[in-house]
Amino acid sequence: MIDMAIILTILSPYLTIIPALGVLYFVCIKKVPVYSNPLNTGLLLLFIWALVSGIANMSLFSAAASLVLLFYFFIAAYLQHVFTDKDAIYAFFRKVYKYSLFPALLGIVEKLASYFFDLSWIAAFYLDEPTKYVYRIYTTFGNPNVAGSWFAVMIVLTLYFFERDDYQHKLYYIFYLTTFAIALVFTGSRGATMALEAAILLYALLSRSRLSRTVMLSTFFMIIILALSSPEINFDHPMNSRVRIWMESLKIFVKKPLLGWGVFGILKETNWIHSHNIWISLMTMFGTVGLAIYLWIKTCIYRNIILLYRHNPHTAALLAAIQVLMVVHGVVDSIMLTPQGGLMFIASCAITISLTRRYEPYPQLELAQGWARLKSNFTSGMNA
């Protein structure tokens, strides 16, 4: 199931619903335990608050969209149940890494094809508007920024595998690193590029190997050279559009600071699907309560990474780098509000919690037993 879920997630944002439904079945029917930790509790509370916000704003679409957060809750619970040891998590990383080569190669082909054909239909397929000044690849991710963030994480994973394997199979990893770096550049995502640089610097800082730090810093400068020499990543492009979106979002946030405007409230009020900043987006959608829940989850993840670093510094450095990457990219974008970006965030958080369970155990609840009791009580009531 894991392999198929990874493939479907990578192939299209529209296909992510299939593994989500599969996870829902396993958690509710197959007696998968749910741990009462801040990640699971926070996601459940965030779902409830998003639902309340949607109802309060009389938006059927916003209320229905809150179900995505409920799916994230089930996915996080399932991943924590499945990944109970380092070997299982390593195998999972390997699979994601291997399958992600396909969209990277597809993106390079897409970029080459854009020199000869009009590929604006790809943007229309994903309900997006193509950039006018230069073509940016979408590959299978529905948005160049999401694709950029995904490839940035794959570059961090390359460094992780490269170090873990004691620098064996160098040509293999150099090929993957080069492919993902080129694909990242072709997405034209400045946010993902800057976030990757921050992630590499943190990874190098946390690494205990001098050779690993040398490799990571070499990658850091290689990405800079590629980005500065690429017309896709235009660092001279002004940030005025982002600032305008932030200001418009903050203006409507002030009108409903507690509940927010619901998942689709920003779109309704500003014609933007989100605020191009994860914190402003959450504030505007779910108010200060929703943002507080999110920050509670993030604080828990950071605390668990610090705890994990004492026992497993290699994997903790990787997870810390991924979290920093998402935070920095979150300044100028909201990729976590997309299906693939959201799953990437949830998976990294769930794996962090799972790895620290032995050091900080949490009570668990059998949802299947809860459903059985509800069914029994309902049946008894009907018979009475």
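A pocket is an open set of grid points with protein on both sides within 12 Å along at least five of seven lines. With that term in hand, the tour of this predicted model may begin.

**First stop: the second largest pocket**

Please select T84, D85, K86, L308, H311, N312, S354, L355, R357, R358 and Y359, which line the second largest pocket. Two elements, α15 (278–311) and α17 (339–355), give two or more residues each to this lining. The space in the second largest pocket comes to about 170 Å³. Colouring the lining by class shows three nonpolar, four polar and four charged residues.

**Second stop: the second largest cavity**

Keep K86, N312 and L355 selected, since these residues are also among those that line the second largest cavity. To complete the lining of this cavity, add I89, Y160, R164 and T315. Helices α6 and α9 are the elements that give two or more residues to the lining of the second largest cavity. Its volume is about 40 Å³. By class, the lining of this cavity has three nonpolar, two polar and two charged residues.

**Third stop: the largest cavity**

How many cavities of 30 Å³ or more are there? The count is two, and the largest cavity holds about 440 Å³ of space. To find the largest cavity in the viewer, select I6, F92, V96, L343 and A347, which lie nearest its centre among the 25 residues of its lining. Next, display the elements that give two or more residues to this lining: α1 (2–11), α2 (17–29), α5 (67–82), α6 (86–99), α9 (144–164) and α17. Which of these elements gives the most to the lining of the largest cavity? Helix α1 does, with five residues. In the lining of the largest cavity, 22 residues are nonpolar and three are polar, while no charged residues are present.

**Last stop: a nonpolar patch on the surface**

Turn now to the surface and select L44, L45, I48, V52 and W296, which together make a nonpolar patch of about 390 Å². Helix α3 (residues 38–56) gives the most to this patch, with four residues.

Finally, centre the view on L44, a residue of helix α3. Why can L44 be called partly exposed? The relative accessible area of L44 is 31%, and the term partly exposed applies because this value falls between the limits of 20% for buried and 50% for exposed. Residues in a patch must have over 30% relative accessible area, so L44, at 31%, meets that condition.

Technical notes. Residues are numbered from 1 along each chain as its sequence is written. This is a predicted model: local features need pLDDT of at least 70, side-chain atom pairs count only at pLDDT 80 or more; totals for chains, interfaces and linings use all residues. Side-chain values use heavy atoms; hydrogens and water are left out. On a 1 Å grid over the protein atoms alone, a cavity is a set of points where a 1.4 Å probe fits but cannot get out, and a pocket is an open set with protein on both sides within 12 Å along at least five of seven lines; lining residues have an atom within 4 Å of a point. Grid points are joined across faces, edges and corners, and a volume is the space filled by probe spheres set on the points. Ala, Val, Leu, Ile, Met, Phe, Trp, Tyr, Cys and Pro count as nonpolar, Asp, Glu, Lys and Arg as charged, and the others, Gly among them, as polar. Patches are made of residues with over 30% relative accessible area and no salt bridge: like charges are joined within 9 Å, nonpolar side chains (Val, Leu, Ile, Met, Phe, Trp, Tyr) within 5 Å. Accessible areas come from the Shrake-Rupley method with a 1.4 Å probe; for residues, only the protein chains shown count as cover. A salt bridge is a side-chain nitrogen of Lys or Arg within 4 Å of a carboxyl oxygen of Asp or Glu. Buried means under 20% relative accessible area, exposed over 50%, partly exposed in between (1.4 Å probe, protein chains only).
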